[in-house]
Amino acid sequence: MGDENKAQDAHYVAEREIDITVERIADVYAEAFLGAAKNADCVDDMLESFDSLVSDVLDRFPELEKILASALISTEEKEGILDRVLRAESSPMFLNFLKVLSRHGRLDCLRAIHRQTHDLYDEMMGRVNVELVTPVPIDDALADRVVDSIKAIIGGVPVVSRSVDPELIGGAVLKVGDMVYDGSVVTQLQNVRKQMINRSVNEIQSRRDRFRYKEGN
Amino acid sequence: MKFKADEIASVIKKEIENYQSQVDVRQVGRVLEVGDGIARVYGLSDVMAGEMVEFPDGIIGLAFNLEQNSVGVIILGDFLTVNEGDEVRSIGKLLSVPVGNAVLGRVLDPLGQPLDGLGPVNAEETRLVESMAPGVSERQPVKEPLQTGIKAIDAMTPIGRGQRELIIGDRKTGKTAIGIDTIINQRDTGVKCFYIAVGQKESTVAGLIELLRKEGAMDYTTIIVAGASDPVPLQYIAPYAGCAMAEHLMYEGQHSVIIYDDLSKQAVAYRQLSLLMRRPPGREAYPGDVFYCHSRLLERSAKLSDELGGGSMTALPIVETLEGEVSAYIPTNVISITDGQIYLQPDLFFAGQRPAMNVGISVSRVGGAAQVPAMKKVAGGLRLDLAAFRELEAFAQLGTDLDAATQARLDRGYRMTELLKQGLCRPLHVVDQVLSIYAGTRGWLDEVPVERIHEWEGSFLEFVHANKQELWDKIDEKKQIDDGIVASLDEVLTEFNKTFLGKEDTAAV
């Protein structure tokens, strides 16, 4: 039971990308995965297999994922399951990769490795993830224009994902990695407020009477 | 109070008109976990060590640990309002505090925000909390005295401006009292004072502020408080913040004295932070760089060269020992950093010797050069004499018969220790000190009963001020005791002793 919880935790963590330790482990495997695929000259195939494993198998059969991540089930059994389920369709190399993970007891990090692999691959290909947040849905032409305007800064091929957040009131927010280019109305209003407080504090303190009637209350 | 609505409206309108809309560019991360004053942040990949970051409610943090996939941030404020998943933005600046005359007379927190309810600090300048200590060519040797007003210290372990003198001792041995007396004694000297309370009870600090206010010392004193209930990161940075404020005055050519009360608590705070950040523990579980933590702080005290204005910053760090254990980690560290130490002992304290300074092992390595010549002359052999007396006293307790010479030395010793006792908040002017110690060391007190020494001193100084003010002024002006002064001093003492002891005779009859 405890292990199952742990497996669920690892799953949850991998999805929400918050466990640094898992993240670090995933980094190593992702690099090895891409390196091996590159040597065999089948990066796209391998990535496709990986995507399909996550979306077609793990997402559809969460029980299987639990079994794979569980420490209660021995490595041999897991390898047997992988063989029986995937041998027919997957390339031997991808199957080997999964077996290596199983032998190292890292099948619980599968999703994190998947995400890291994509991140690493994007980096290798010079692709940059850009998130565009707007208060209302916008058409593609406008989105392209916005992204074009920062192309020079990001230095790579932008891969845009769009989302809508009405709380921005107006303007737009572009997120490129850790950088945020925030042209939203809500932030500007907050900045005006901060500036006003900072500037007026001295004035109010030193010249209180300016805001007061001379004759008193 | 009624506000002028239209006036306020016009100010707001002007502000909005002047506001320049810009795209707000920031680097962000996300809080992974938070607690105990620290946060682990994912992202912020370009943040630099020591850089300020901002949490949603405007709470400031410092990037403390840079790791492969995350950043460890210490939170300088209420960490309970920071939540998992919050956005953290880097500000691109290092932590700084307000400095200058605006901070004098104030009680502030380590970020320079007021705690005394006297309104915002209207400082025109700020200064980086962490900055480099002045180098070799920017300094000059310590040469001016910093009078603490305490006879035992000014006579035997004199402190010079720019010196770092450690005050060390067990709990309840009067460590803080020495700092407070020093502050009170700076009233007419123009030396600005900074008192940094780290990890102390708020009630103790409140009492202390009240005392300083009553003594009229708050006008030139700044108090930085990071109390026991404040977040640990604030306790850790408080000494650096106070140091930055005192340093500013030093670079302006003024003199300042800063009291860190106490550095052992700061070390404990730093240990907590480091352990929570998973830095490897070393001796007594302190991190490896706890020495650097104190050395970089104390190195910033200096006497600047004349080209830089000749300002100074004197540091009086306080370290609390446990059961007199000076060979613990933090005490040995700070002893080796400072230019001497004043060692306070509980047995002396409870024997009524206050300040409870152990003369034998208290030293001042550089202060001698700064001592007033008159004091140097009268107190020259005092330290050794007293140390010898302590030895002799232990021997005399065996109850053996003593020869007359030994008995005389013992009697002199009893009178000197009695003379060196001094109450709290009673700092003495250096000339008064010279007069007292002159009388003691030259045997003018040998006839006075030990229990009347205190009374004798009080009335003698009163007598001099009332009748021989010109002699007092002469010593004050010359700072020297030459043969002429010695002659007239002896004359005054003879005259006074005659009346003082005579009075006793009449009282006895």
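1. A residue counts as exposed if 12 or fewer other C-beta atoms lie within 10 Å of its own. By that cut-off Asp41(A) is exposed, because 8 other C-beta atoms lie within 10 Å. The model is a predicted one, and the points below should be read with that in mind.

2. Asp41(A) also deserves a look for its backbone, since its phi is near 60°, a positive value in a residue other than glycine. In chain A this residue sits in the loop that runs between helix 2 (20–39) and helix 3 (43–58). As background, most residues other than glycine have a negative phi, and most peptide bonds are trans.

3. In chain B, Lys172(B) likewise has a positive phi, of about 60°, although it is not a glycine. Its place is the loop between strand 10 (166–169) and helix 3 (175–185) of chain B. Lys172(B) has 13 C-beta neighbours inside 10 Å and therefore counts as partly exposed.

4. Two cis peptide bonds may be checked in chain B. One of them joins Asp261(B) to Asp262(B), with omega at about -5°, and Asp262(B) belongs to the loop between strand 13 (255–261) and helix 6 (263–276) of that chain. The other joins Arg354(B) to Pro355(B), with omega at about 0°, and Pro355(B) is found in the loop between helix 9 (346–350) and strand 16 (363–364) of chain B.

5. Turning to the interior, the largest nonpolar core has 135 residues, and those with the most contacts inside it are Val73(B), Ile196(B), Ile258(B) and Val434(B). Helix 5 (residues 232–251) of chain B supplies the largest share of this core, namely 13 residues. Apart from this core lies another, of 19 residues, which includes Val22(A), Phe33(A), Ala69(A) and Leu107(A). In soluble globular proteins, nonpolar side chains tend to be buried together.

6. Val434(B), one of the residues with the most contacts inside the largest core, can be followed in more detail. Once its neighbours within four places in sequence are left aside, Val434(B) is in contact with Ala374(B), Met375(B), Val378(B) and Ile475(B).

7. As for the overall layout, chain B is divided into domain 1 (28–93), domain 2 (132–215 + 226–371) and domain 3 (378–508), so that domain 2 is written as two segments. Between the C-alpha centres of domain 1 and domain 3 of chain B there is a distance of 61 Å.

Conventions. Residues are numbered from 1 along each chain as its sequence is written. Chains are lettered from A and ligands numbered from 1 in the order in which they are written. This is a predicted model: local features need pLDDT of at least 70, side-chain atom pairs count only at pLDDT 80 or more; totals for chains, interfaces and linings use all residues. A nonpolar core is a set of buried Ala, Val, Leu, Ile, Met, Phe, Trp, Tyr and Cys residues joined through C-beta atoms within 7 Å. A residue is buried if 20 or more other C-beta atoms lie within 10 Å of its own, exposed if 12 or fewer, and partly exposed in between; C-beta atoms are placed from the backbone. Helices (H or I, at least four residues) and strands (E, at least two) are DSSP runs, numbered from the N terminus. Two residues are in contact if their C-beta atoms, placed from the backbone, lie within 7 Å.
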